[in-house]
Amino acid sequence: GADRALVDLLEEIRCGLAGLVDGIGEQAAVIASRDVESIQALLDRRATVIERMVGGSDRIPELLTRSRPDGAARDLVDGIEGLLAQLMEADRAATQAMEHLCAGLQKELQQARAVSSAAQVYQSGSPVPPQARFSDREV
């Protein structure tokens, strides 16, 4: 009945979280790669897993009112809490890495603009108007 449904749902959530925790190393590597498409694909996969878990978790309050959670359900909840703590810590680190990455990219863009501006000035010749240049002529 409800007890079995609750345990099954909690196990499904635990498995989803465990999969995300298992992917923490990949997450760090993908962010470090600075490959936007890979980062987006990772975020999309995570979003799919999270949406499934959230959709299932909507049934927990109803199942709790119809069941008496046993040791298995409590153990699953403890496991879920531990996995969530690991995932949240990894996400904090990932957020910091993304902020660092964005700051680095912004600095690179600013440097590229400065180099481009300097190259344009150099290619166009001296910014000093022709009449102000020195000449060998006597006035």
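**Reading a five-helix model**

Modeller: The protein exposes about 10200 Å², and carbon and sulfur atoms supply 57% of that area. This is a predicted model, so every value here is computed from predicted coordinates.

Biologist: How many helices and strands does the protein have?

Modeller: There are five helices and zero strands. Along the sequence the pattern reads α-α-α-α-α.

Biologist: What share of the residues counts as buried?

Modeller: A residue is called buried when its relative accessible area is under 20%. By that cut-off, 23% of the 139 residues are buried.

Biologist: What share of the contacts with a separation of 6 or more comes from residues 24 or more positions apart?

Modeller: Such pairs account for 87% of those contacts in the protein. One pair of positions far apart in sequence is L84 and V21: 63 residues separate them along the chain, while their C-alpha atoms are 8.4 Å apart in space. L84 sits in helix α5 and is partly exposed, at 36% relative accessible area.

Biologist: How should I read the packing of two helices?

Modeller: Two packed helices are described by the angle between their axes and by the distance between those axes. Take α2 (residues 24-33) and α5 (residues 71-123): the angle is about 5° and the axes are 10 Å apart. Because angles under 35 degrees count as roughly parallel, α2 is roughly parallel to α5.

Biologist: Which residues of α2 and α5 make the contact?

Modeller: From α2 come I24, Q27 and I31, and from α5 come Q86, A90, D91, A94, A97, M98 and L101. Sorted by type, the residues of this contact are seven nonpolar, two polar and one charged.

Biologist: Is Q27 buried or exposed?

Modeller: Q27, in helix α2, has a relative accessibility of 5%, so it counts as buried. Setting aside residues up to four places away in sequence, Q27 touches A90, D91 and A94, and also L42 and R46.

Biologist: Where does R46 lie, and what is R46 in contact with?

Modeller: R46 belongs to helix α3. Its relative accessible area is 13%, so R46 is buried. Beyond its neighbours within four places in sequence, R46 is in contact with Q27, L20, L87 and D91. D91 therefore appears in the contact list of Q27 as well as in that of R46, with Q27 being buried at 5%.

Biologist: How is the largest nonpolar core read, and which residues touch the most other members?

Modeller: The core is read as a set of members linked by side-chain contacts. Here it has 19 residues, and L6, L10, I13, L17, M53 and I60 touch the most other members. The elements that contribute two or more residues are α1 (2-22), α3, α4 (60-66) and α5. Helix α1 gives the largest share, 10 residues.

Biologist: What is L10 in contact with?

Modeller: Not counting neighbours within four places in sequence, L10 is in contact with I60, A73, L76, V77 and I80.

Biologist: Which backbone angle is worth a look at R34?

Modeller: The angle is phi. R34 has a positive phi of about 65°, although this residue is not a glycine. R34 is placed in the loop between α2 and α3 (36-57). With a relative accessible area of 39%, R34 is partly exposed.

Notes
Residues numbered from 1 in each chain as written. Predicted model: local features only at pLDDT ≥ 70, side-chain atom pairs only at ≥ 80, totals over all residues. Heavy atoms only, no water. Axes fitted to C-alpha atoms, helices over the stretch in contact; angles between N-to-C directions. Helix = DSSP H or I, 4+ residues; strand = E, 2+ residues; numbered from the N terminus. Parallel < 35°, antiparallel > 145°, perpendicular 65-115°, else oblique. Contact = heavy atoms within 4.5 Å. Nonpolar A, V, L, I, M, F, W, Y, C, P; charged D, E, K, R; others polar. Buried < 20%, exposed > 50% of the residue type's maximum accessible area, 1.4 Å probe, protein only. Areas by Shrake-Rupley, 256 points an atom, 1.4 Å probe, with all protein chains shown as cover. Core = buried A, V, L, I, M, F, W, Y, C linked by side-chain atoms within 4.5 Å.
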